[in-house]
Amino acid sequence: DSVGKCIKMLKVPVVMVRTHGAFLRDPLYNGLQTRKTKVTAEVRYLLSPDEIKTMSPDELNPVLREAFSYDHFREQKEQNIRVDEPFRADHLNRVLYKCPHCGTEGKTEGKGERLTCRACGKEYVLTEYGEMRAVEGETEFPHIPDWYRWERECVRDEIEGGEYSLTLPVDIYMMVDTNAVYKVGEGTLTHDTDGFT
């Protein structure tokens with residue numbers, strides 16, 4: 001919401017460059033395994049300084065929100081973009097970490113074309129067109145962003161109910177100069193209603 005205010009202060013044109021296919025080529029969860037997909041870019045002139053002058057930040061923000069909202073998986077399906085690499089679900093558990101079948105967290109494993117819950121055994125296939133399909137039984141969330149949205153709602157419910165807590169082993173790094181970030185040890189990170197420890 002602060003971007004609208006920033007644009008008002010800068011008084012410059014707003015141009016947006018959106019890539020199509022970059023996420024499909026190298027999704028953030030996939031461990032830097034690139035896929036063979038076409039990547040293009042689209043440049044749009046969103047707002048002129050004159051338009052910005054006549055709009056309040058509260059009027060600018062919806063324009064920006066609309067321009068910056070996207071759904072890579074929906075675009076893949078609508079554009080019929082086929083991703084047939086055999087590793088397309090590798091590390092998908094980084095995003096889909098909670099099983100919608102049994103509710104267990106942290107036991108999903110993305111490997112090859114499949115996402116498997118190690119707690120209940122339910123398996124899903126990531127299709128060549130970016131949809132999830134249960135190997136057996138109901139597919140709770142065929143659209144990956146819906147599954148992710150459900151996970152966020154679960155976390156929100158835990159926070160509101162005072163039940164949220166996350167504890168993870170972590171590597172600890174420090175920046176001591178401008179040359180690099182140095183690993184200095186290991187620890188445990190806890191995030192709960194009291195904040196980070």
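**Briefing: helix α6, nonpolar cores, salt bridges and a surface patch**

Aspartate 146 is partly exposed, with 31% relative accessible area. This is a predicted model. Aspartate 146 shares helix α6, residues 144–160, with arginine 149. The side chains of these two residues meet in a salt bridge. The largest nonpolar core also draws on α6, which gives it four residues, the largest share.

**Helix α6**
- The helix has 17 residues.
- From first C-alpha to last, α6 reaches 25 Å, close to the 24 Å expected at 1.5 Å a residue.
- Its buried residues are Ile144, Pro145, Trp147, Trp150, Glu151, Cys154 and Glu158.
- Those buried residues pack against one helix, α5 (72–78). They also pack against the strands β4 (114–117), β5 (123–126) and β6 (132–134).
- Glycine 162 follows α6 and has a positive phi, near 70 degrees.

**The α6 salt bridge**
- Arginine 149 and aspartate 146 sit three residues apart, about one turn of the helix.
- Their N to O distance is 2.6 Å.
- Arginine 149 counts as partly exposed because its relative accessibility is 44%, between the limits for buried and exposed.
- Aspartate 146, at 31%, is partly exposed too.

**Nonpolar cores**
- In soluble globular proteins, nonpolar side chains tend to be buried together.
- The largest nonpolar core here has 18 residues.
- Leu92, Leu96, Leu126, Met132, Ile144 and Trp147 touch the most other members of this core.
- At least two core residues come from each of α2 (22–25), β5, β6 and α6.
- The largest share, four residues, comes from α6.
- Tryptophan 147 touches Leu96, Lys98, Pro100, Leu115, Tyr124, Met132 and Phe141, leaving aside residues up to four places away in sequence.
- A second, separate core has ten residues, including Ile7, Met16, Leu46 and Leu47.

**Other salt bridges**
- Side chains of opposite charge can pair when their charged atoms come close.
- The whole structure holds twelve salt bridges.
- Arginine 74 pairs with aspartate 71, with the closest N and O atoms 3.0 Å apart.
- Aspartate 71 is buried because its relative accessible area, 19%, falls under the 20% limit.
- Its partner arginine 74 is partly exposed at 42%.
- Glutamate 186 bridges to lysine 183, and here the closest N and O atoms are 3.9 Å apart. That distance is within the 4 Å cut-off for a salt bridge.
- Glutamate 186 is exposed because its relative accessible area of 64% is over 50%.
- Lysine 183 counts as partly exposed, at 45% relative accessibility.
- Arg82, Asp84 and Glu128 are linked in a network of salt bridges.

**Nonpolar surface patch**
- Ile172, Met174, Val176, Tyr182 and Val184 make a nonpolar surface patch of about 430 Å².
- The elements giving two or more residues to this patch are β7 (165–175) and β8 (181–192).
- Tyrosine 182 lies in strand β8.
- Tyrosine 182 is partly exposed, with 32% relative accessible area. Patch members need over 30%, so tyrosine 182 passes that cut-off.

Definitions and conventions
Residues numbered from 1 in each chain as written. Predicted model: local features only at pLDDT ≥ 70, side-chain atom pairs only at ≥ 80, totals over all residues. Heavy atoms only, no water. Patch = residues over 30% accessible without salt bridge, like charges linked within 9 Å, V, L, I, M, F, W, Y side chains within 5 Å. Areas by Shrake-Rupley, 256 points an atom, 1.4 Å probe, with all protein chains shown as cover. Buried < 20%, exposed > 50% of the residue type's maximum accessible area, 1.4 Å probe, protein only. Expected span 1.5 Å × (residues − 1). Contact = heavy atoms within 4.5 Å. Core = buried A, V, L, I, M, F, W, Y, C linked by side-chain atoms within 4.5 Å.
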